[in-house]
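Q: Please take a close look at one part of this structure and tell me how it fits with its surroundings. Keep it brisk, and give the cut-offs as you go.

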Amino acid sequence: IKSGKTGTLKSLMQFIENADHPWAIRLYAGQLQKDSLRTPSGKKFYLLSLPYYLITQLTEYIALLIENKI
């Protein structure tokens with residue numbers, strides 16, 4: 001989980017480079033959003049931006065993200 005703007009997620013990009021999965025989640029004050037992004041080396045991943053008020057449903061949103069239902 002990472003907070004910050006999409007363009008400044010340097011440590012998240014490093015994490016994704018070493019992860020054996022293509023999913024990342026950040027909690028923030030905006031609206032629910034899913035983006036398909038690439039790391040600087042070109043690895044594709046999905047970033048789910050989850051509003052703070054949905055934190056109690058994090059487990060459900062993780063499942064939906066992995067199942068590609070959102």
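A: **The loop and the sheet around it**

Thr39 lies in the loop between β2 (33-38) and β3 (44-51). Strands and helices are DSSP runs (E, at least two residues; H or I, at least four), numbered from the N terminus. The model is predicted: local features need pLDDT of at least 70, side-chain atom pairs need 80 or more, and totals for chains, interfaces and linings use all residues. Residues are numbered from 1 along each chain as its sequence is written, and side-chain values use heavy atoms, without hydrogens or water.

Is Thr39 buried or exposed? Thr39 has a relative accessible area of 5%, so this residue is buried (buried: under 20%; exposed: over 50%; partly exposed in between; 1.4 Å probe, protein chains only). Its side chain makes a polar contact of 2.3 Å with that of Glu17 (N or O atoms within 3.5 Å, one able to donate a hydrogen and the other to accept it; sequence neighbours count only through side-chain atoms on both sides). Beyond four places in sequence, Thr39 touches Met13, Ile16, Glu17 and Phe45 (contact: heavy atoms within 4.5 Å).

Phe45 leads on to the hairpin. Leu37 stands opposite Phe45 in β3. The hairpin of β2 and β3 has 5 residues between its strands. Among them is Gly42, with a positive phi near 105°. The two strands pair in the antiparallel sense over 6 bridges (pairing: at least two DSSP bridges).

Now the whole sheet. It is open, has 3 strands in the order β1-β3-β2, and its pairing is mixed. Why does one side of β1 (23-28) and of β2 lack a neighbour in the sheet? Both stand at the edges, and each has a single partner strand, so one side of each is left free of a sheet neighbour. Neighbouring strands are turned by 25° against each other on average, direction ignored (axes are lines fitted to C-alpha atoms, for helices over the stretch in contact; angles run from 0 to 180 degrees between N-to-C directions).

β3 also pairs with β1, here in the parallel sense, again over 6 bridges. Tyr28 has Pro51 of β3 as its bridge partner. Arg26 is bridged to Ser49 in β3. How covered is β3? Mostly: 6 of its 8 residues are buried.

Ser49 sits in β3. Its relative accessibility is 0%, so Ser49 counts as buried. The side chains of Ser49 and Arg26 are joined by a polar contact of 2.8 Å. Arg26 is thus linked to Ser49 by side chain and by bridge. Setting aside neighbours within four places in sequence, Ser49 is in contact with Arg26, Tyr28, Gln31, Leu32, Gln33 and Asp35.

Two charges sit over rings. The charged end of Arg26 lies over the ring of Tyr28, 4.2 Å from its centre (NZ of Lys or CZ of Arg within 6 Å of the ring centre and within 35 degrees of the ring normal). Lys34 lies over the face of Tyr46, at 4.9 Å from the ring centre.

Two helices meet the sheet. Helix α1 (residues 10-18) packs on the sheet and touches β1, β2 and β3. The direction of α1 makes about 130° with that of β3. Helix α2 (residues 58-66) lies across β1, β2 and β3 and runs at about 145° to β1.

After α2 comes a segment that holds Asn68. Asn68 has a phi near 60°, positive in a residue other than glycine. At 55% relative accessibility, Asn68 counts as exposed, whereas Thr39, where we began, is buried at 5%.
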